Amino acid sequence: MHREQGAPLCRDELCSTQNQHNDISISSYVAGCSVQTAGVGVVPRALVQEEYSGLGMAECKVHKAGDSVSAELVLQKALDREKQAVITMTLTALDGGSPPKSGNSQLVVTVLDINDNIPIFSEALYKTKIPENTPVGTIVMAVNATDADEGLNSEIVYSLRSKDQDHVLDIFEIERQTGVIKVKGNIDFEDKKAFEIRVEARDKGQPPMSAHCKVLVEVVDINDNAPEITVTSLHTTVKEDASVGTVVALVSILDKDGGKNG
């Protein structure tokens, strides 16, 4: 602490406070400091100077009681821990003498986190392909979400949304901690050619905040079906003198596979 002889005395050289939250309102009380001066009839003043010039986060309000002055630091701007987690300010007390003398005290404000940020997925829409008949337990892909908060407010758990996608929940599952999506059931191209999976990321804050993304899974056909032949006879008998070109039967061939496989 810098203090000239006979200058106002700030009781604490260093004041540290950790009870200021992200959502604390403007004009809220931050901290106080008692200032004394040995001069008779001299009215001390208090000023606040921030470490980073121009922020204007707080102003100093002075209250006089006899020879002592109490200085209150009051917020002038909303706090945002994600932008600045620690605010360092210097409180300067000036007496009313001529020339004036001063004393300083440093104030360190630690901004505590609240759960004010939702998880953010790296992609709003993920796309991938997977062959049909892929074995159960095979990894399809991994989704990822981050949260700008800290502690439990930033810890994320993943889940598959159950609304209107019961069939999807029979085919796929997700690891709650990692966001890895795996095959849970049988995938059949002939039954369904694509899946839309809706994933939720929820943090552990109170109250929790959540975000959602979509995963489009295209099923790739493999040649797993043999052609089916159907013969429809038009005549029970055919004469030996039947002319060339006479239709004897209709033959149809069906393959459930797609593309070249079918």
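Student: What makes strand S11 and strand S15 count as paired, and in which sense do they run?

Tutor: In this predicted model, three bridges join S11, residues 139-142, to S15, residues 180-183, and the two strands run antiparallel. Pairing requires at least two bridges between two strands, so the three bridges between S11 and S15 satisfy that requirement. Within this pairing, Met 141 stands opposite Ile 181 in S15.

Student: Which other strand is joined to S15, and how do you know that they pair?

Tutor: Strand S14, residues 172-174, is joined to S15 by three bridges, again in the antiparallel sense. Since at least two bridges are needed, the three between S14 and S15 are enough for the two to be called paired. One of the facing pairs consists of Glu 173 and its bridge partner in S15, Lys 182. S14 and S15 also form a hairpin with five residues between them, and Gly 179 in the turn has a positive phi of about 80°.

Student: Why is Val 180 called buried?

Tutor: Val 180, which is found in strand S15, has a relative accessible area of 15%. Buried means under 20%, and the value for Val 180 is therefore on the buried side of that limit. Leaving aside neighbours within four places in sequence, Val 180 is in contact with Ile 139, Met 141, Ala 142, Glu 173, Ile 174 and Glu 175. Met 141 is 39 residues away from Val 180 along the chain, and yet their C-alpha atoms are separated by 6.0 Å.

Student: What makes Asn 115 count as buried, although its place is in a loop?

Tutor: Asn 115 is in the loop between strand S8 and strand S9, and its relative accessibility is 14%. The limit for a buried residue is under 20%, so Asn 115 qualifies at 14%. Among the residues that Asn 115 touches, not counting those up to four places away in sequence, are Asp 147, Asp 149, Asn 153 and Gly 205.

Student: How do you know that the side chains of Asn 115 and Asp 203 make a polar contact?

Tutor: The contact that joins these two side chains is 3.1 Å, and a polar contact needs a suitable pair of N or O atoms within 3.5 Å, so the distance between Asn 115 and Asp 203 fits. A polar atom of the Asn 115 side chain also lies 2.9 Å from the backbone oxygen of Pro 207.

Student: What makes strand S16 mostly covered, and which strands are joined to S16?

Tutor: Seven of the 10 residues of S16, residues 194-203, are buried. Five bridges join strand S13, residues 156-160, to S16 in the antiparallel sense, and Leu 160 stands opposite Val 199 in S16. S16 also pairs with strand S17, residues 210-220, over nine antiparallel bridges, with Glu 200 opposite His 212 in S17. S16 and S17 form a hairpin with six residues between them.

Student: Why is Val 231 called exposed?

Tutor: The relative accessibility of Val 231, whose place is in strand S18, is 52%. Exposed means over 50%, so Val 231 passes that limit and is counted as exposed. Together with Ile 229 and Val 251, Val 231 makes a nonpolar surface patch of about 310 Å².

Student: How many helices and strands does the protein have, and what share of its residues is buried?

Tutor: The protein has one helix and 19 strands, and 35% of its 262 residues count as buried.

Key: Residues are numbered from 1 along each chain as its sequence is written. This is a predicted model: local features need pLDDT of at least 70, side-chain atom pairs count only at pLDDT 80 or more; totals for chains, interfaces and linings use all residues. Side-chain values use heavy atoms; hydrogens and water are left out. Patches are made of residues with over 30% relative accessible area and no salt bridge: like charges are joined within 9 Å, nonpolar side chains (Val, Leu, Ile, Met, Phe, Trp, Tyr) within 5 Å. Accessible areas come from the Shrake-Rupley method with a 1.4 Å probe; for residues, only the protein chains shown count as cover. A salt bridge is a side-chain nitrogen of Lys or Arg within 4 Å of a carboxyl oxygen of Asp or Glu. Helices (H or I, at least four residues) and strands (E, at least two) are DSSP runs, numbered from the N terminus. Buried means under 20% relative accessible area, exposed over 50%, partly exposed in between (1.4 Å probe, protein chains only). Contact means heavy atoms within 4.5 Å. A polar contact is a pair of N or O atoms within 3.5 Å; within protein, one must be able to donate a hydrogen and the other to accept it, and residues adjacent in sequence count only if both atoms are side-chain atoms.
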